[in-house]
Amino acid sequence: MTLNLDRTQQENMNASRSFPTGFLFGAATAAYQIEGAAFEDGRTASIWDAFARVPGAVINADNGDVACDHYHRYRDDVALMKELGLDTYRFSTSWSRVRPDGGPLNPQGVDFYERLVDELLGAGIIPWLTLYHWDLPQAIEERGGWTLRETADRFTEYALDMHDALGDRVHHWTTLNEPWCSSFLSYTAGIHAPGRFDIGDGMLAAHHLLLGHGQTVAALRERDESLSLGITLNLTVAEPADPADAADVDAARRIDGQFNRWFLDPIFRAAYPGDIVADIEKVDAAAVERWRNAVRPGDEAIIAQPLDALGVNYYHGEFVGGRPDPHPPTPGDAPTDRKTGSPWPAGHDIYWHERGLPRTSMHWEVQPAGLTQLLERVWTEYAQPVGTILYVTENGAAYDDELVEVEGEKTVPDAERTEFLRVHLGAILDAQEAGVDVRGYFYWSLLDNFEWAWGYEKRFGIVHVDYHTQERTLKDSAKEYRRVIADRAIDVPAAADAARTAVPR
């Protein structure tokens, strides 16, 4: 990413902007993407183990059987975290490891997470546990998965098992990671596991995921009021290509409604967005009827449990219109052989437009100003009125990294990722200066890993992983992050402003 700095910005390059006392610097991973040991010590198949074996579903037929072998190498990985100076580490637990096939508790699976948490605490790193990062036991999916209400109950049981094991050592609990992905991307678009293609299934999955979230927050709160409880949502800033064009404005409204408000509104306002329900009903009235029948009286109140923390995952914005762009951007979905659909039930006549921003190797825009805008909006409209704290729980970029040797030492000169990290940290400081209470940042990801339908084609890590030898190598971005954490400051105070000036308006 190349930024054009004016003279004043260049003169400020050697200044610094500091983060407030107590701000947490972390990194994030997910169980299926790094653990490996897919069928060891009692673990059975998750929906991702099954989906990765569907012909054409994942590039190169890759799977997570070995991944980063974190299950056997977690001590070394925690030592890497300590070397980087991380304050906290966000990881997920594998439902299929803890309760194989959704059945009785597996002591060996629980023991792994107990050892991991103890290792983190011994290194002075705060464990930040996510209960669900998309790896539903395949046996539960075969009974109906998230389209069934009983899966929400099974999820709460699993969550309480994890609290039994780790509640004395883990303070921060996140119920779900990105329920949009595990509902509409997975049950409607067929892009992610379990790979279904049904609008109604996506709506049911979203509701039962949120119901499981609400039930779990209530149950954990009853056990221990001192816990910090929350959920993580992937959110975006949807902008019309032409703010004066009604079709473009409506396209942005529908993307915002289906991606952001479908989850924010029930969590914070105990109600689904009525405009989006009406939009979907025009497309598939039967799907909406199924969903209405599934939403029982009192469900929305259960979903809207008071939260201590909201995790915001931000990668890029959406620049959309009601008519096609003559030169549209390259889509960011994995070019798999298996046919996929749209995750937008009311996505008719919505088209993505190019606006000239830098892009990652995922073809995602680099728009740090969008993170500031998003945090301000979520804080003002949702979190602040009810006293919920914000954390940026995922933010990162994939680039085409090259492992090189310099003076006998291996390294990855990833200048674009390093700059991505700087400008997004600057965007958080901008949000804080605007009054947003955002208290931490987790880079995605600590390690290169299994990137879902992309397999091992894309690398997001600040630590390079050689998948043949499992050797870990710090990239330049990791070294820069280590320096930022040590100084509790970024050295390029104008970076976020420079990025804003790069956005065509």
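In the predicted model, Arg43 is buried, with a relative accessibility of 5%. This value lies below the limit for a buried residue, which is under 20% relative accessible area. Arg43 belongs to the loop between helix H2 (31-34) and helix H3 (47-51). Apart from residues up to four places away in sequence, Arg43 touches Tyr32, Ala37, Ala38, Asp49, Ser94, Ser96, Arg97 and Asn106.

A second buried residue is Glu394, whose relative accessible area is 3%. Glu394 is listed under "active site" in UniProt, in an unreviewed entry. The residue is located in strand E11, which covers residues 389-394. When neighbours within four places in sequence are left aside, the contacts of Glu394 include Arg90, His133, Asn177 and Glu178. Glu394 is also in contact with Val312, Asn313, Tyr314 and Tyr315, and with Phe442 and Trp444.

Trp444, one of the residues in contact with Glu394, takes part in a cis peptide bond. This bond joins Trp444 and Ser445, and its omega is about 5°. Ser445 lies in the loop between strand E14 (438-444) and strand E15 (463-465). Another cis peptide bond runs from Ala193 to Pro194, with omega near 10°. Pro194 is part of the loop between helix H9 (184-188) and helix H10 (199-223). Most peptide bonds are trans, and most residues other than glycine have a negative phi.

Positive phi values occur at Ala270 and Asp349. Ala270 is not a glycine, yet its phi is positive, at about 55°. The residue sits in the loop between H11 and H12 and is partly exposed, with a relative accessible area of 30%. For Asp349, likewise not a glycine, the positive phi is about 60°. Asp349 is placed in the loop between strand E9 (318-321) and strand E10 (351-352). With a relative accessibility of 46%, Asp349 counts as partly exposed.

Helix packing was examined next. Two packed helices are described by the angle between their axes and the distance between the axes. Helices H11 (residues 246-269) and H12 (residues 274-283), which flank the loop that holds Ala270, pack at an angle of about 115°, and their axes are 10 Å apart. The crossing of H11 with H12 is left-handed. On the H11 side, the residues that meet H12 are Arg253, Arg254, Gly257, Gln258, Arg261 and Trp262. Their counterparts in H12 are Asp275, Ile276, Val277, Asp279 and Ile280. By class, 5 residues of this contact are charged, 4 are nonpolar and 2 are polar.

Helix H15 (residues 368-386) packs against helix H16 (residues 415-433) at an angle of about 30°, with the axes 8 Å apart. Because angles under 35 degrees count as roughly parallel, H15 and H16 are described as roughly parallel to each other. The crossing of H15 with H16 is right-handed. H15 contributes Pro368, Leu371, Thr372 and Leu375 to the contact, while H16 contributes Val423, His424, Ala427, Ile428, Asp430 and Ala431. The residues of the contact between H15 and H16 comprise 7 nonpolar, 2 polar and 1 charged.

Conventions. Residues numbered from 1 in each chain as written. Predicted model: local features only at pLDDT ≥ 70, side-chain atom pairs only at ≥ 80, totals over all residues. Heavy atoms only, no water. UniProt positions renumbered as here; feature names shortened; annotations may be inferred. Helix = DSSP H or I, 4+ residues; strand = E, 2+ residues; numbered from the N terminus. Buried < 20%, exposed > 50% of the residue type's maximum accessible area, 1.4 Å probe, protein only. Contact = heavy atoms within 4.5 Å. Axes fitted to C-alpha atoms, helices over the stretch in contact; angles between N-to-C directions. Parallel < 35°, antiparallel > 145°, perpendicular 65-115°, else oblique. Left-handed = near helix turned anticlockwise from the far one by under 90°. Nonpolar A, V, L, I, M, F, W, Y, C, P; charged D, E, K, R; others polar.
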